[in-house]
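Trainee: I am new to this structure and would be grateful for a close look at a single part of it. Please choose a suitable place to begin, and then relate it to its surroundings.

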Amino acid sequence: MARPCSKISLPLTQVLAHYCGTDWQPITLDTEAGLQRPFEVAGIHHLRITPFPLSSKAPPYSPRRLKPDPGDNIGILLEDTRTGRKTFYAPGLGVIEPHIATAMAGADCVLVDGTFWTEDEMVRSNLSSKLAHEMGHLPLSGDAGMLAFLNTLDARRKIVIHINNSNPILDDDSAERAELTRYGVEVAYDGMEIEL
């Protein structure tokens, strides 16, 4: 029998060090004016990064998990300054607000939240009592789902990321995976390379 997880009481830098370490970069978000300020990172040539505040939930290790502030969860637009090609990345996305829709519409590639197929996936699977929106995720299916929005974009590549293990799109032979394929949406995998 699995033991319940204990509450993390380490500083954030120690928690993140378990992944791949940290190299902190300042990010400025002007959430009041709706302006996004692009920046560049020293040593990474020809890449402009623009952060966007997302309507979602703060990460589990955030001290503001239950009461997130704008900017606790961000998406980023990566732009190759030589070619002008853009990639939009948003791993946790609960609502597609106008500024996010604009950023996604201008991207050549979008990598977006594909956590759940349906709003009640975790409840129906007896894995949780929470719905997708309560966990900060827009489900893929439905008239107002992520897949319907992705279908409106002209991006060369549309890729879903951050996929929960309960999501049926992980089964290559599922009807849900076939629907993604019909819409021209890819499922991210370890080692995936993207060239634009």
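Mentor: Let us begin with F52, which is buried at a relative accessible area of 8%; buried means under 20%, exposed over 50% and partly exposed in between, using a 1.4 Å probe and protein chains only. This is a predicted model, in which local features need pLDDT of at least 70 and side-chain atom pairs count only at pLDDT 80 or more, while totals for chains, interfaces and linings use all residues. Residues are numbered from 1 along each chain as its sequence is written, and side-chain values use heavy atoms, with hydrogens and water left out.

The structure holds one aromatic pair. Its members are F52 and F88, set edge-to-face with 5.9 Å from centre to centre and 70° between the planes. By convention, rings of Phe, Tyr and Trp (its six-membered ring) pair if their centres lie within 6.5 Å, and planes under 30 degrees apart count as stacked, over 60 as edge-to-face and the rest as tilted. The pair links distant parts of the chain, since F52 belongs to strand β3 (residues 47–53) and F88 to strand β5 (residues 86–90), 36 residues apart. Helices (H or I, at least four residues) and strands (E, at least two) are DSSP runs, numbered from the N terminus. F88 is also buried, with a relative accessible area of 0%.

The strand that carries F52 deserves attention next. Five of the seven residues of β3 are buried, so β3 is largely enclosed by the rest of the structure. It runs antiparallel to strand β4 (residues 74–80), to which seven bridges join it; two strands pair if DSSP finds at least two bridges between them. Within this pairing, R48 stands opposite E79 of β4. E79 counts as buried at 17% relative accessibility. Leaving aside residues up to four places away in sequence, E79 touches H46, L47, R48, G84, R85 and K86, where contact means heavy atoms within 4.5 Å.

F88 leads from the aromatic pair into the interior. In the largest nonpolar core, which has 25 residues, F88 is among those with the most contacts, together with M104, V110, V112, L150, V160 and L180. Such a core is a set of buried Ala, Val, Leu, Ile, Met, Phe, Trp, Tyr and Cys residues joined through side-chain atoms within 4.5 Å. At least two residues of this core come from each of β5, α2 (98–105), β6, α4 (146–150) and β8. The largest share, four residues, is supplied by α4. V112 touches F88, A90, M104, M146, L150, I159, V160 and I161, again not counting residues up to four places away. Another core, of five residues, lies apart from the largest one and includes L111, I159, I161 and M192. In soluble globular proteins, nonpolar side chains tend to be buried together.

Several of these residues bring us to strand β7 (residues 157–161), which is largely enclosed by the rest of the structure because five of its five residues are buried. Both of its faces are covered, with R157, I159 and I161 buried on one side and K158 and V160 on the other. Strand β6 (residues 109–113) runs parallel to β7 and is joined to it by five bridges, and L111 stands opposite I159. Strand β8 (residues 185–187) also pairs with β7 in the parallel sense, over three bridges, and here I159 stands opposite E186. From β7 the chain crosses through helix α5 (residues 175–182) to β8 in a right-handed β-α-β crossover; right-handed means that, with the strands pointing away from the viewer, the path from the first strand over the helix to the second runs clockwise.

In the loop between β7 and α5 lies H162, which has a positive phi of about 55° although it is not a glycine. Most residues other than glycine have a negative phi, and most peptide bonds are trans. H162 counts as partly exposed, at 45% relative accessibility.

Finally, the whole protein comes to five helices and eight strands, and buried residues make up 36% of its 196 residues. Its average pLDDT, the predictor's confidence in each residue from 0 to 100, is 86, and 84% of the residues score at least 70. Over residues 1–8 the pLDDT is below 50, and this stretch has one contact in the model beyond near neighbours in sequence. Where pLDDT is low, the predicted coordinates should not be read in detail.
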